[in-house]
Structures are given as structure tokens and as C-alpha cells.
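User: I have a model here and would like to understand the reasons behind its labels. Could you walk me through them?

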Amino acid sequence: MKYNFDEIIPRRGTNSYKWDSANDADILPMWVADMDFRTASAVTEALKKRVEHGIFGYVRVPDSYYHAVIHWFDRRHNWKIEREWIIYTTGVVPALSAIIKALTNPGDRVLVQTPVYNCFFSSIRNNDCEMISNPLIYEDNTYRIDFDDLEKKAADPKVKLLLLCNPHNPAGRVWSKQELIRIGEICLRNDVWVVSDEIHCELVFPGYTYTPFASLSEEFQMHSVTCTSPSKAFNLAGLQIANIISADADIRKKIDKAININEVCDVNPFGVEALIAAYNEGEEWLEELKSYLFANYQYLKNYFNEHLPDFPVLKLEGTYLVWVDCSVLNKPSEEIVTALLEKEKVWVNEGSMYGEDRDNFIRINIACPRQQLAKGLERLKHAFGQLS
């Protein structure tokens, strides 16, 4: 490989939020969804150049920013976006909050498909809406959509939005065209808007294809809003840059107003430069990253098959977040996570974060050097042996 993803990078405070003190420096952080890899060199060089400029005031987002977004999604995903459809903001979570504010009224209901990214819940709650779950069906080591339940709940006139996670975190699914079409048809029939969080869209493994929901038909495009960011694929979360994409001018006007009400309308100049560099020059690095991540997943799965066969590892079609069934322990996931952290200094996420009915699972971040992953798995094995 041209790029060195095996490099162990000493932490120098940039990710210090992952632990409380220097005494916890031996904690392996395999929880929050960022990566322990240096970003693409093109991004680093662009940021160095921006630093040398020496003036860090407000930024006017240039034409090259929009061109980079448009060409990236056209070239890689055959989705043709118009410049005026793009609204930039600081992140996908602020974007989701602004979209909910724009498209609902207090007391309205918003559908989610649990288990799902926990910030969906807070974004709904913070806008005084009610969360309605369309639980995914767990079978055959993966999840599928309960379309009968979705049809029933979408028919509720108080349901205004479906928050779609495409690809899905933490289930690891990359929804197929057929699944997305069925979702879209149900939502169109019931006048439910689809708000699609596609932040993990680049991290898709062999045999699977990411499909932008809005790309499937003009009707879907006009009845949906999409959130994207290079932050997951290029490890740029701290630079705070994301885009909201909507083909409907009236909806964009409402969203733009909500973004200004929430005061997330200004972006970091470093985020702008990083996105341009990533989308224009980072593709080769990204493809090698995906190969490394897939190899990490295979390593983890083989390790569990050999050493922890009672803990099913769900199929990972995309993202770098592995969902593991810990039902055999018969303990709440919060208790499992606390024990892993206190006894073995390995930090993962409890399944209950992603829906109250998912308390038998943990989520493991595998976006780290193989040596670090191996160390984390050894610690998991030891802790599970004590908990069993």
C-alpha cells in the first residue's frame, strides 16, 4: 500500500476529550466515530498552506468548494447536484436539527429506524417533536427493514419526517436500491419527508454499493433532504464542515432560516479548504483506507470466531463501526461497557445508546492501526472471560 495506516500516532491533545487525565493514557478509545489515522496528505498540505496565510477571520465559501462537492458526487455516485441545492453548515448533527426545525412544528412526530445514531433522538427532542421507532428486524446476523410497520407508522398524520441513516450506523447496513425505493414509495404515499443522513457514504465495503436516496427519482429528490460531509471518510470531524442538499427552493429557504436561528451558518475556513482538497485530491487515499478498514473487519471477525464464538459479530457492509451481540452475558450493555473500561482500559459504546431495546449489544470502532485493534481484542477477550 502507498499509505501507512499501521502507524501508531502519539496523541498530542487533539483527541484529549476521549479520556479524563494523563493517568488514562493507556485507554484504547474504540468508541467515538473518528479514526486513528492521519488524513490524506493532500488535505494536510492544503491546511498548511492556509495556516501560512496567517489570517483566520471569517470565510467566504468559494466557487471551488461547490465544484468539489458537485464533481465528487457526480463522479463517484452518479448523483447530479446543482450548486443552488447546497447549503453549508458546521456538521451533520446541526444540519439535522435545523432541518427538523424547518419542516416540523412542536408536537409533530419523526420516524427513526432503531438501533440508530443516538443524536437522532436528541435532535428530535430538542425541537419538541416526538420520536416514533420503526425497529429494524434482527435476523441471520444482520438487520432488515420492517416495511409493514413502516407503512403503518408513516400513515399517522402526525408523522412528518423519516430520519434515514444511509449507510446505517450502528447496524452496518448499506441499503440497497430496492430497499430505498420501498422506503421512498411509502413516504411519498403518506406525505412524509425523507431526511437522509449520508455521512458514512464513502465507507462501503466490497460487494455493496452506496446509493444516494435523492438520486433514485425526481420525486424522491424533490421530497427529501440529504446531509453529507467528508468528516467520516477523511477524519475531519474537528474541522466542522457539512452540507445540506435540497432540490426544493421553498424547503431550502425554510432550512436556511432555521440554520440562522440556530446560529450554525458560519463555517471554519480550515473545513472549507479540507473539503476541497479531500474531494479533489483524496480519492486514492480513500480507496486504500477502505481496503485497510475491510481487512480490520475481517481480522476482528476471525478473532471472534476463534476466541469469542458466543458473541456474534454482525455483517458489516459499510462504516467502520462493528455491532456485536453480547446477549450471552445477560447483562445490560452499560454494565458491560463500564466493566471493559474499568477492568481492561478499552472503551466501546453501549447498545442502549442507540435504542432502549438494543441493550444486548456493544459498538466497536475498528478505524485504528491493526496492532491497536489486536490489543483491544485481547483486552475484550479477557474482560468477557471475567464477565461470563
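User: Which residues do ring pairs link into a cluster?

Analyst: Happy to help, and please keep in mind that this is a predicted model. The cluster is made up of F5, F37, W72, F73, W79, F234, Y279, W285 and Y292, linked by ring pairs. Across the whole structure, the search finds 22 aromatic pairs.

User: What makes Y117 and F120 an edge-to-face pair?

Analyst: Two values settle that. Rings pair if their centres lie within 6.5 Å, and planes over 60 degrees apart count as edge-to-face. The ring centres of Y117 and F120 are 6.0 Å apart and their planes stand at 75°, so the pair is edge-to-face. As for burial, F120 has 0% relative accessibility and counts as buried, while Y117, at 21%, counts as partly exposed.

User: How do you know that Y117 is partly exposed?

Analyst: Buried means under 20% relative accessible area and exposed means over 50%. Y117 is at 21%, so partly exposed is its class.

User: And what are the values for the rings of W323 and Y354?

Analyst: Their centres are 5.6 Å apart and their planes are at 80°, so this pair is edge-to-face. W323 lies in strand β11 and Y354 in the loop between β13 and β14, so the pair ties together parts that are 31 residues apart in sequence. Both W323 and Y354 are buried.

User: Why are β11 and β13 said to stand at the edges of their sheet?

Analyst: The sheet is open, with three strands in the order β11-β14-β13 and antiparallel pairing. β11 (321–325) and β13 (349–350) each have a single partner strand, so one side of each is left without a neighbour in the sheet.

User: How do you know that β13 and β14 pair?

Analyst: Two strands pair if there are at least two bridges between them. β13 and β14 (residues 361–365) have two bridges, in the antiparallel sense, and therefore meet that cut-off. On the residue level, N349 has R363 in β14 as its bridge partner.

User: Why is C165 in no disulfide?

Analyst: A disulfide needs two cysteine sulfur atoms within 2.5 Å. For C165, the nearest cysteine sulfur is that of C227, 11 Å away, so the cut-off is not met. C187 fares no better: its closest cysteine sulfur, in C165, is 15 Å away, too far for a bond. The count of disulfides comes to zero. C165 is buried, with a relative accessible area of 2%, and C187 is buried at 1%.

User: What makes D140 and E263 worth a look?

Analyst: Most residues other than glycine have a negative phi. D140, though not a glycine, has a positive phi of about 55°, and E263, also not a glycine, has one of about 60°. D140 is found in the loop between β5 (137–139) and β6 (142–144). E263 sits in the loop between α9 (249–262) and α10 (269–281).

User: Why is each of them called exposed?

Analyst: The cut-off for exposed is over 50% relative accessible area. D140 has 69% and E263 has 67%, so both count as exposed.

User: Where are the cis peptide bonds that involve P115 and P170?

Analyst: One joins T114 and P115, with omega about 0°; P115 lies in the loop between β3 (109–112) and α4 (119–126). Another runs from N169 to P170, with omega near 15°, and P170 is in the loop between β7 (159–165) and α6 (177–189).

Conventions:
Residues numbered from 1 in each chain as written. Predicted model: local features only at pLDDT ≥ 70, side-chain atom pairs only at ≥ 80, totals over all residues. Heavy atoms only, no water. Buried < 20%, exposed > 50% of the residue type's maximum accessible area, 1.4 Å probe, protein only. Helix = DSSP H or I, 4+ residues; strand = E, 2+ residues; numbered from the N terminus. Phe/Tyr/Trp six-rings, centres within 6.5 Å; stacked < 30°, edge-to-face > 60°.
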